[in-house]
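Let's take a walk through this chain together. Please have the sequence and the model open as you read.

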Amino acid sequence: MATAKKPAVAAKKPAATKAAPVKAAAKPAVKKADAPKVARKPNAAFMKALTPSAVLAAVVGATPLPRTEVTKKVWEYIKKHKLQNPENKRNILADEKLKAVFGGKKEVSMFEMTKLISDHLK
């Protein structure tokens with residue numbers, strides 16, 4: 001099969017010089033009326049004291065605590081016993097007490113941890 005030659009490309013025309021459009025002067029930003037800041041209310045569901053199961057009580061204590069405090073105490077326990085994975089700090093390496101809380105898993109992500117802890121709160 002023979003291919004046909006393409007015609008020679010015409011010489012490029014010089015680009016026409018256009019003046020840059022003039023932008024309008026910047027208008028000052030209109031500020032919203034300064035509304036008084038309202039203090040943020042904590043969610044009542046997080047503040048409700050819940051009783052930990054016997055397994056979780058070995059880590060955080062047996063007294064009823066809000067979810068937020070339970071999570072803080074678990075993190076204190078993890079950091080005190082150096083149970084974070086050194087390569088990936090988002091993973092927790094469970095010892096015997098935490099393995100019971102985590103349903104027998106040896107390694108759990110921090111996001112999965114909160115779900116597993118909530119199963120032990122009533």
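## Order of the elements

Read from one end of the sequence to the other, the chain runs α-α-α-β-α-β-α. That gives five helices and two strands. Do keep in mind that this is a predicted model.

Of the chain's 122 residues, 22% count as buried. The exposed surface comes to about 10,600 Å², and carbon and sulfur atoms supply 60% of it. As for contacts between residues at least 6 apart in sequence, 27% of them join residues at least 24 apart.

## The nonpolar core

Where do the buried nonpolar side chains gather? The largest nonpolar core holds 21 residues, and V74, L98, F102 and M113 have the most contacts inside it. Helices 2, 3, 4 and 5 each supply at least two residues of this core. Helix 3 gives the largest share, with five residues.

V74 is a good place to zoom in. Setting aside residues up to four places away in sequence, V74 touches L56, V59, V60, M113 and I117. Two of these partners, M113 and I117, are among the buried residues of helix 5, which is the next stop.

## Helix 5 and its two faces

Helix 5 spans residues 110–118, and M113, L116 and I117 are its buried residues there. Looking down the helix axis, these buried residues fall within an arc of 100°, so they line one face of the helix. The face turned away from that buried side carries F111 and K115, both exposed.

What does the buried side of helix 5 pack against? Its buried residues meet helix 2 (54–60), helix 3 (67–80) and helix 4 (96–101), together with strand 1 (91–93) and strand 2 (107–109).

## H120, just past the helix

H120 sits in the segment after helix 5. Is H120 buried or exposed? With a relative accessible area of 17%, H120 falls under the 20% limit and therefore counts as buried.

The side chain of H120 reaches the backbone oxygen of V101 at 2.9 Å. Leaving aside neighbours within four places in sequence, H120 is in contact with T51, P52, S53, V55, L56, A100 and V101. One of these, L56, is also touched by V74.

## Salt bridges

Side chains of opposite charge can pair when their charged atoms come close. How many salt bridges does the model contain? The count comes to two.

One salt bridge joins E69 and K72, whose closest N and O atoms are 3.6 Å apart. These two residues lie three places apart in helix 3, so about one helical turn separates them. E69 is partly exposed, at 30% relative accessible area.

The other salt bridge brings together the side chains of K105 and E112, at 2.3 Å from N to O. Here K105 is partly exposed at 35% relative accessibility, and E112 is also partly exposed, with a relative accessible area of 26%.

## Pulling it together

Helix 5 is a handy guide to this model: M113, L116 and I117 are buried, while F111 and K115 are exposed on the face turned away from them. M113 is also one of the residues with the most contacts inside the largest core, and H120 follows in the segment after the helix.

Terms used. Residues are numbered from 1 along each chain as its sequence is written. This is a predicted model: local features need pLDDT of at least 70, side-chain atom pairs count only at pLDDT 80 or more; totals for chains, interfaces and linings use all residues. Side-chain values use heavy atoms; hydrogens and water are left out. Buried means under 20% relative accessible area, exposed over 50%, partly exposed in between (1.4 Å probe, protein chains only). Helices (H or I, at least four residues) and strands (E, at least two) are DSSP runs, numbered from the N terminus. The arc is that of the directions from the helix axis to the C-beta atoms. Contact means heavy atoms within 4.5 Å. Accessible areas come from the Shrake-Rupley method with a 1.4 Å probe; for residues, only the protein chains shown count as cover. A salt bridge is a side-chain nitrogen of Lys or Arg within 4 Å of a carboxyl oxygen of Asp or Glu. A polar contact is a pair of N or O atoms within 3.5 Å; within protein, one must be able to donate a hydrogen and the other to accept it, and residues adjacent in sequence count only if both atoms are side-chain atoms. A nonpolar core is a set of buried Ala, Val, Leu, Ile, Met, Phe, Trp, Tyr and Cys residues joined through side-chain atoms within 4.5 Å.
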